[in-house]
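Here's a walk through one protein chain, from its overall layout down to a few individual side chains. Keep the viewer open as you read.

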Amino acid sequence: FELDFFERILQRSPDYVDVLRAHANNLTAKGLYARGLAADRRLIRLRPNDPVAHYNIACSYSLLHMNDAAIASLDSSLKLGYRDLEQMLSDPDLEHARKDARFVGLLGRYLLKLKKASQTR
């Protein structure tokens, strides 16, 4: 029901970000990863500086075993201000990306940057 409901809303208001975000989450929860990715891509176009949108698309890429794009999107989310590292380390949607050595490198670089920033204060 929800998928049809949100799709009808998005047909009338394709830029309705809150509905699009909920719709993308529902698609992913239903295992419709490719459709969820398409919705996440629309969100990125509408909100290019939204760190959560970049995090969510990283999850979609990971679920589709597209680790290059997942790691790049996680990097973007961190650069834009995403800070929930515990979520990144435990989110089942990122399971495939976490198996990639670049994931550890990304977190290491980010934590080093935070450490340097705190030392200059």
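## A buried threonine to start

A residue counts as buried when its relative accessible area is under 20%, as exposed when that area is over 50%, and as partly exposed in between. Thr28 comes out at 15%, so Thr28 is buried. Keep in mind that this is a predicted model.

You'll find Thr28 in helix 2. Skip the neighbours within four places in sequence, and Thr28 is still in contact with Tyr33, Gly36, Ser60, Leu63 and Asp93.

## The overall layout

The protein chain has 8 helices and 0 strands, so from the N terminus on the element string just reads α-α-α-α-α-α-α-α. Along its principal axes, the C-alpha trace spans about 50 × 30 × 20 Å.

Of the 121 residues in the protein chain, 41% are buried. How much of the contact map joins residues at least 24 apart, if you count contacts between residues at least 6 apart in sequence? The share is 52%.

## How far to trust it

Mean pLDDT for the protein chain is 94, with 100% of the residues reaching 70 or more. Where does confidence drop to its lowest, and where is it highest? Helix 8 has the lowest value, a mean of 89, while helix 4 (residues 51-63) has the highest, at 98. As a general caution, predicted coordinates should not be read in detail where pLDDT is low.

## Leu37 and its surroundings

Leu37 belongs to helix 3, which covers residues 33-46. Is Leu37 buried or exposed? Its relative accessibility is 4%, and the cut-off for buried is under 20%, so Leu37 counts as buried.

Leaving out neighbours within four places in sequence, the contacts of Leu37 are Ile57, Ser60, Tyr61, Leu64 and Met66. Ser60 is on this list, and Ser60 also turns up among the contacts of Thr28. For another handle on the geometry, take Leu37 and Leu27: they sit 10 residues apart in sequence, and their C-alpha atoms are 8.8 Å apart in space.

## Salt bridges

Side chains of opposite charge can pair when their charged atoms come close. Searching the whole structure turns up 6 salt bridges. One of them joins the side chains of Arg21 and Asp50, at 2.8 Å from N to O. That pair links distant parts of the chain, with Arg21 in helix 2 (residues 17-29) and Asp50 in the loop between helix 3 and helix 4, 29 residues apart. Both Arg21 and Asp50 are buried.

Next, look at Arg102 and Asp100, whose closest N and O atoms are 2.6 Å apart in a salt bridge. Which residues do shared salt-bridge partners join into one network here? They are Asp68, Asp100 and Arg102. Arg102 has a relative accessible area of 36%, so Arg102 is partly exposed, whereas Asp100 counts as buried because its relative accessibility is 14%.

Asp75 and Lys79 make another salt bridge, with 3.0 Å between the closest N and O atoms. Both residues lie in helix 5, 4 residues apart, which is about one turn of the helix. Lys79 is at 61% relative accessibility and therefore counts as exposed; Asp75, at 24%, is partly exposed.

## The largest pocket

Rolling a probe the size of a water molecule over the atoms shows where empty space is left. The largest pocket here has a volume of about 190 Å³. Its lining is made up of Asp75, Leu78, Lys79, Arg83, Leu106, Arg109, Tyr110, Lys113, Leu114 and Ala117, so the salt-bridged pair Asp75 and Lys79 is part of that wall.

Which helix supplies the largest share of the lining? Helix 8 does, with 6 residues. Helix 5 (67-79) and helix 8 (101-119) each give at least two lining residues. By class, the lining has 5 nonpolar, no polar and 5 charged residues. When you look at this pocket, remember that helix 8 is where mean confidence is lowest, at 89.

## One backbone oddity

His65 is worth a click: its phi is positive, about 60 degrees, although His65 is not a glycine. His65 sits in the loop between helix 4 and helix 5. With a relative accessible area of 54%, over the 50% cut-off, His65 is classed as exposed.

Methods
Residues numbered from 1 in each chain as written. Predicted model: local features only at pLDDT ≥ 70, side-chain atom pairs only at ≥ 80, totals over all residues. Heavy atoms only, no water. Buried < 20%, exposed > 50% of the residue type's maximum accessible area, 1.4 Å probe, protein only. Contact = heavy atoms within 4.5 Å. 1 Å grid on protein atoms, 1.4 Å probe; cavity = no way out; pocket = protein on both sides within 12 Å on 5 of 7 lines; lining within 4 Å. Points joined across faces, edges and corners; volume = space filled by probe spheres on them. Nonpolar A, V, L, I, M, F, W, Y, C, P; charged D, E, K, R; others polar. pLDDT = per-residue confidence, 0-100. Salt bridge = Lys/Arg side-chain N within 4 Å of Asp/Glu carboxyl O.
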